[in-house]
Amino acid sequence: MLRIEVAGIHDLPGAYRTCILTAADGQDATALHRDPDLLGHVYVGPYLARGLGTQLVIVDEAGHAGYLVSTDDTASFEAWTESAWWPALRRRYPRPGDGSRDARLIEHIHAPPLTPAAIAAEYPAHLHIDLLERVRGTGLGRLLMVRLLAELTARGVAGVHLGVSAENDNAVGFYDHLGFREIAREPGGSLMGLRLAR
Ligand SMILES: CC(C)(COP(=O)(O)OP(=O)(O)OC[C@H]1O[C@@H](n2cnc3c(N)ncnc32)[C@H](O)[C@@H]1OP(=O)(O)O)[C@@H](O)C(=O)NCCC(=O)NCCS
């Protein structure tokens, strides 16, 4: 039994778990973080909390097995996170100032990097996709992406982008295979983008 479902708020624990279990370039990042929730607060929580019907999860007999979270409009998503998502987390997590991975995520919470206007205009949507090892390599990543891209196309969205680590060869190969191309360099990786038919 394996299903793709539209995510609800009940998917938060499983999606947070998947996030940390895949965050070290596809491998388990649990040992790299003192607070296991920080990655989810940055890369999963706001998408599920805001909803809007495009958040997808994979579930099987063992529970949550993967997600594709996204927004169709990065600029309005960033405005929403600024008013509705980050403030409570800023109170929870004061800036610690050490160089740890947790500290870098807390810095992200306090000063989230904004997507350059030119990229948000040409590629308004963005996404994060992470599958647990047990369901990788069987076509589910493509299935989730095809479903999202069809939905974005139906909404008239011009394009979609995502960030990927330079060390994550598997993900870069996957995105490249689906037609994404590098559109900008970032510290430690790049942004890849795909224009959608309108
Ligand atoms: C990256 C990831 C989402 C891909 O999902 P997946 O289910 O493993 O990929 P699929 O089996 O759906 O592959 C889809 C297609 O991409 C191809 N593909 C997958 N990885 C590839 C690679 N590294 N290089 C070239 N092609 C690749 C497959 O051959 C397949 O081709 P086809 O459909 O034309 O036959 C998944 O492996 C994953 O979650 N990895 C760990 C977390 C991660 O790194 N997330 C990305 C963070 S930016």
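Mentor: Buried means under 20% relative accessible area. Keep in mind that this is a predicted model.

Trainee: Is Thr-18 buried or exposed?

Mentor: Thr-18 sits in helix α1, residues 12-22. Its relative accessibility is 1%. The cut-off is under 20%, so Thr-18 counts as buried.

Trainee: Which residues does Thr-18 contact, leaving aside neighbours within four places in sequence?

Mentor: Thr-18 belongs to helix α1. With those neighbours set aside, the contacts of Thr-18 are His-64, Ala-65, Gly-66, Tyr-67, Asp-130 and Leu-132.

Trainee: Which elements do the buried residues of α1 pack against?

Mentor: Start with the residues themselves. The buried ones in α1 are Gly-14, Ala-15, Tyr-16, Thr-18, Cys-19, Ile-20 and Thr-22. They pack against α2 (38-43), α3, β3, α4 (74-92) and β4.

Trainee: His-64 touches Thr-18. Which backbone oxygen lies 3.2 Å from a polar atom of the His-64 side chain?

Mentor: His-64 is in strand β3. At 8% relative accessibility, His-64 counts as buried. Its contacts beyond four places in sequence include Asp-11, Arg-17, Val-57 and Arg-134. The backbone oxygen at 3.2 Å is that of Gly-66.

Trainee: Turn to Thr-54. Which side chains make polar contacts of 3.3 Å with the side chain of Thr-54?

Mentor: Thr-54 lies in the loop between α3 (45-50) and β2. At 5% relative accessibility, Thr-54 counts as buried. One polar contact of 3.3 Å goes to the side chain of Gln-55. Another, also 3.3 Å, goes to the side chain of Ser-70.

Trainee: How far apart are the C-alpha atoms of Thr-54 and Ala-75?

Mentor: Thr-54 has contacts beyond four places in sequence with Leu-68, Ser-70, Leu-148, Glu-151 and Arg-155. Ala-75 is 21 residues from Thr-54 along the chain. The C-alpha separation of Thr-54 and Ala-75 is 16 Å.

Trainee: Now the interior. Which residues touch the most other members of the largest nonpolar core?

Mentor: In soluble globular proteins, nonpolar side chains tend to be buried together. Here the largest nonpolar core has 26 residues. The members touching the most others are Leu-127, Tyr-175 and Phe-180.

Trainee: Which element gives the largest share of this core?

Mentor: Elements giving two or more residues to the largest nonpolar core are β2 (56-60), β3 (63-71), β4 (125-131), α7 (140-154), β5 (159-165), α8 (169-177) and β7 (189-195). The largest share is 6 residues, and it comes from α7.

Trainee: What does Tyr-175 touch, not counting residues up to four places away in sequence?

Mentor: Tyr-175 is one of the members that touch the most others in the largest nonpolar core. With the sequence neighbours not counted, Tyr-175 touches Ile-129, Met-145, Leu-162, Val-164, Phe-180 and Met-192.

Trainee: How many residues are in the other core, which lies apart from it?

Mentor: Its members include Cys-19, Tyr-67, Val-69 and Tyr-93. Cys-19 is also among the buried residues of α1. The size of this other core is 23 residues.

Trainee: On to the ligand. Which element gives the most to the shell around the ligand?

Mentor: The ligand is surrounded by 21 residues, the closest being Leu-131, Gly-139, Arg-142, Asn-168 and His-177. They divide into 7 nonpolar, 11 polar and 3 charged. With 6 residues, the element that gives the most is α8.

Trainee: How much of the ligand's accessible area does the protein cover?

Mentor: Take the backbone distances first. A polar backbone atom of Leu-131 is 2.7 Å from a ligand oxygen, and a backbone N or O atom of Gly-137 is 2.9 Å from a ligand oxygen. A ligand nitrogen is 3.0 Å from a polar backbone atom of Asn-170. Of the 950 Å² that the ligand has on its own, the protein covers 73%.

Trainee: What is the phi of Asp-25?

Mentor: Most residues other than glycine have a negative phi. Asp-25 lies in the loop between α1 and α2 and is partly exposed, at 33% relative accessible area. Although Asp-25 is not a glycine, its phi is positive, about 50 degrees.

Trainee: Last one. How far apart in space are Pro-96 and Ile-106, C-alpha to C-alpha?

Mentor: Pro-96 is in the loop between α4 and α5 (101-110). Beyond four places in sequence, Pro-96 contacts Ala-103 and Ile-106. Pro-96 and Ile-106 are 10 residues apart in sequence, and their C-alpha distance is 7.8 Å.

Terms used: Residues numbered from 1 in each chain as written. Predicted model: local features only at pLDDT ≥ 70, side-chain atom pairs only at ≥ 80, totals over all residues. Heavy atoms only, no water. Core = buried A, V, L, I, M, F, W, Y, C linked by side-chain atoms within 4.5 Å. Buried < 20%, exposed > 50% of the residue type's maximum accessible area, 1.4 Å probe, protein only. Helix = DSSP H or I, 4+ residues; strand = E, 2+ residues; numbered from the N terminus. Contact = heavy atoms within 4.5 Å. Near = heavy atom within 4 Å. Polar contact = N/O pair within 3.5 Å; in protein donor to acceptor, adjacent residues only side chain to side chain. Areas by Shrake-Rupley, 256 points an atom, 1.4 Å probe, with all protein chains shown as cover. Nonpolar A, V, L, I, M, F, W, Y, C, P; charged D, E, K, R; others polar.
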